[in-house]
Amino acid sequence: MITEEKCYVMTCDKCGCVCNEQGHSDRNNAIEAADDSGWYISENKHYCPDCYEMDDNEQLVLK
Ligand SMILES: [Zn+2]
């Protein structure tokens, strides 16, 4: 039997890459996993570690 299950993945707002291709059944789990992987997470922006860095003033800088 095959059933379709909704899952959540975090994708980078800049390059579009996917944080964890396996996905998560819960939205918060997807956020936590991305957080553990060093992603930048704000209310409506998510960037993978390859796409951003923090400058000396702790400001987000997109590469
Ligand atoms: Zn990216």
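## A first look at a small predicted protein

Ile31 sits in helix H1, which covers residues 27–36. That is a handy place to begin a walk through this structure, which is a predicted model.

**Around Ile31.** Is Ile31 buried, exposed or partly exposed? Ile31 counts as partly exposed because it has 17 C-beta neighbours inside 10 Å, and a residue needs 20 or more to be called buried. Setting aside the residues within four places in sequence, Ile31 is in contact with Met10 and Ile41. Another residue to look at from here is Val9: Ile31 and Val9 are 22 residues apart in sequence, and their C-alpha atoms are 8.3 Å apart in space.

**The overall layout.** Stepping back from helix H1, you will find that the protein has one helix and four strands. Along the sequence these elements follow the pattern α-β-β-β-β. The radius of gyration is 13 Å, well over the 11 Å that the globule rule gives for 63 residues, so the protein is more spread out than a compact globule. Measurements of the box tell you about the outline too: taken along the principal axes, the C-alpha atoms fill roughly 55 × 20 × 20 Å. Of the 63 residues, 14% count as buried. As for contacts with a separation of 6 or more, 26% of them are accounted for by residues 24 or more positions apart.

**The nonpolar core.** Which residues make up the largest nonpolar core? There are eight in all: Met10, Cys12, Cys19, Ala30, Ala34, Tyr40, Tyr47 and Cys48. Met10, one of these core members, has already appeared as a contact of Ile31. Cys19, also in the core, touches Val9, Met10, Ala33, Ala34, Ser37, Trp39 and Cys48, not counting residues up to four places away in sequence.

**Two tyrosines of the core.** Tyr40 lies in strand E1, residues 40–41, while Tyr47 lies in strand E2, residues 46–47. Tyr40 is buried because 20 other C-beta atoms lie within 10 Å of its own. Tyr47 counts as buried as well, with 23 C-beta neighbours inside 10 Å. Beyond the residues up to four places away in sequence, Tyr40 touches His46, Tyr47, Tyr52 and Leu60. With the same neighbours left out, Tyr47 touches Cys12, Asp13, Lys14, Trp39, Tyr40 and Tyr52. The two tyrosines therefore appear in each other's contact lists, as Tyr40 touches Tyr47.

**Out along strands E3 and E4.** Glu53 is found in strand E3, residues 52–54. Glu53 counts as partly exposed because it has 13 C-beta neighbours inside 10 Å. Apart from neighbours within four places in sequence, Glu53 is in contact with Val61 and Lys63. Where does Glu58 lie? Glu58 is in the loop between E3 and strand E4, which covers 60–62. Although Glu58 is not a glycine, it has a positive phi of about 60 degrees. With 6 C-beta neighbours inside 10 Å, Glu58 counts as exposed.

**Distances along the chain and in space.** The table sets sequence separation beside C-alpha distance for some pairs of residues.

| Pair | Separation in sequence | C-alpha distance |
|---|---|---|
| Ile31 and Val9 | 22 residues | 8.3 Å |
| Tyr47 and Cys12 | 35 residues | 4.6 Å |
| Tyr40 and Tyr8 | 32 residues | 17 Å |
| Glu53 and Asn28 | 25 residues | 24 Å |

Tyr47 and Cys12 are worth finding in the 3D view: 35 residues apart in sequence, their C-alpha atoms are 4.6 Å apart, and both residues belong to the largest nonpolar core.

Technical notes. Residues are numbered from 1 along each chain as its sequence is written. This is a predicted model: local features need pLDDT of at least 70, side-chain atom pairs count only at pLDDT 80 or more; totals for chains, interfaces and linings use all residues. Helices (H or I, at least four residues) and strands (E, at least two) are DSSP runs, numbered from the N terminus. A residue is buried if 20 or more other C-beta atoms lie within 10 Å of its own, exposed if 12 or fewer, and partly exposed in between; C-beta atoms are placed from the backbone. Two residues are in contact if their C-beta atoms, placed from the backbone, lie within 7 Å. The radius of gyration is taken over C-alpha atoms; the globule rule is 2.2 Å times the number of residues to the power 0.38. A nonpolar core is a set of buried Ala, Val, Leu, Ile, Met, Phe, Trp, Tyr and Cys residues joined through C-beta atoms within 7 Å.
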